[in-house]
Amino acid sequence: MKATIWHNPACGTSRKTLAILEETPGVEVEVVEYLETPYTADKLRQLFADAGLTAREALRLRGTDAEERGLTNAGEDAIIAAMVTNPAYVNRPFVETDKGVRYCRPQDVVREIL
């Protein structure tokens, strides 16, 4: 099974989720460090839809200026555009496998799609 994780190595939950993936037999892990390889708008829309989230629900407030920029009251398209420009606005980590997409907070949520 292939698993793709959108990863931030500075995030403890992201590191723990990656460790679960790497320790699971039969899982081939692709790591996308999204701060270096930003999301596309289409990919964000697909991840959010498959995870059952809105862009607003996936918006990271902690450690960002998203609230000050008015993103908490913005529409989906504006939030996604901001996320494409500044991927730090996306909460993490997201993992995608053939079984679906999960926003893995807490990290054990990843087991649902393995």
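This passage walks through the sheet, the helices packed on it and the salt bridges of a predicted model. Residues are numbered from 1 along each chain as its sequence is written, and the side-chain values rest on heavy atoms, with hydrogens and water left out. Because the model is predicted, local features need a pLDDT of at least 70 and side-chain atom pairs count only at pLDDT 80 or more, while totals for chains, interfaces and linings use all residues.

Start with the sheet. Four strands make it up, and helices and strands here are DSSP runs numbered from the N terminus (H or I and at least four residues for a helix, E and at least two for a strand). The sheet is open, with the order β2-β1-β3-β4 and mixed pairing. β2 and β4 sit at the edges with a single partner strand each, so one side of each has no neighbour in the sheet. From one strand to the next, the twist averages 15°; for angles in general, axes are lines fitted to C-alpha atoms (for helices, over the stretch in contact), and values run from 0 to 180 degrees between N-to-C directions.

Strands count as paired if DSSP finds at least two bridges between them. In general, strands of a sheet pair through backbone hydrogen bonds, either parallel or antiparallel. β1 and β2 go the parallel way, with 6 bridges, and His7 stands opposite Glu33 in β2. β1 and β3, on the other hand, are antiparallel over 3 bridges, with Ile5 facing Val95 in β3. β3 also runs antiparallel to β4 (residues 100-103), and 4 bridges join the two. Glu96 has Val101 as its bridge partner in β4, and a hairpin of 2 residues links β3 to β4.

What about the faces of β3? Side chains in a regular strand alternate between the two faces of the sheet. In β3 (residues 94-97), Phe94 and Glu96 lie on one side, Val95 and Thr97 lie on the other, and all are buried, so to speak covered on both faces. Buried here means under 20% relative accessible area, exposed means over 50%, and partly exposed falls in between (1.4 Å probe, protein chains only).

Now for the helices. Helix α1 (residues 12-23) lies across β1, β2 and β3 and runs at about 165° to β1. α2 packs on the sheet too, touching β1, β3 and β4, and its direction makes about 80° with that of β3. Contact in this passage means heavy atoms within 4.5 Å. The expected span of a helix is 1.5 Å times one less than its number of residues; for the 12 residues of α1 that should give 16 Å, and the end C-alpha atoms are indeed 16 Å apart.

α1 has two quite distinct sides. Thr13, Ser14, Thr17, Leu18, Ile20 and Leu21 are buried in α1. They cover an arc of only 155° around the axis, which puts them on the same side of the helix, the arc being that of the directions from the helix axis to the C-beta atoms. An α-helix has 3.6 residues a turn, so residues three or four places apart point the same way. The buried residues of α1 pack against β1, β2 and β3, whereas Glu22 and Glu23, on the other side of α1, are exposed.

In helix α2, Lys43 is partly exposed, at 25% relative accessible area. Beyond its neighbours within four places in sequence, Lys43 is in contact with Trp6 and Glu96. Ala10 is another matter: Lys43 and Ala10 are 33 residues apart in sequence and 22 Å apart in space, C-alpha to C-alpha.

Finally, the salt bridges, each taken as a side-chain nitrogen of Lys or Arg within 4 Å of a carboxyl oxygen of Asp or Glu. The count comes to 5. One of them joins Lys2 and Glu30, with the closest N and O atoms 3.0 Å apart. Lys2 is in β1 (residues 2-7) and Glu30 in β2 (residues 28-33), so this pair ties together parts 28 residues apart in sequence. Lys2 is partly exposed at 42%, and Glu30 is partly exposed at 34%.

Another salt bridge, at 3.2 Å from N to O, links Asp77 and Arg45. Asp77 belongs to helix α3 (residues 76-85) and Arg45 to helix α2 (residues 41-51), so the pair ties together parts 32 residues apart in sequence. Asp77 is exposed at 56%, while Arg45 is partly exposed at 36%. Arg111 and Asp108 also meet in a salt bridge, at 3.5 Å from N to O, and Asp108 is partly exposed at 44%.
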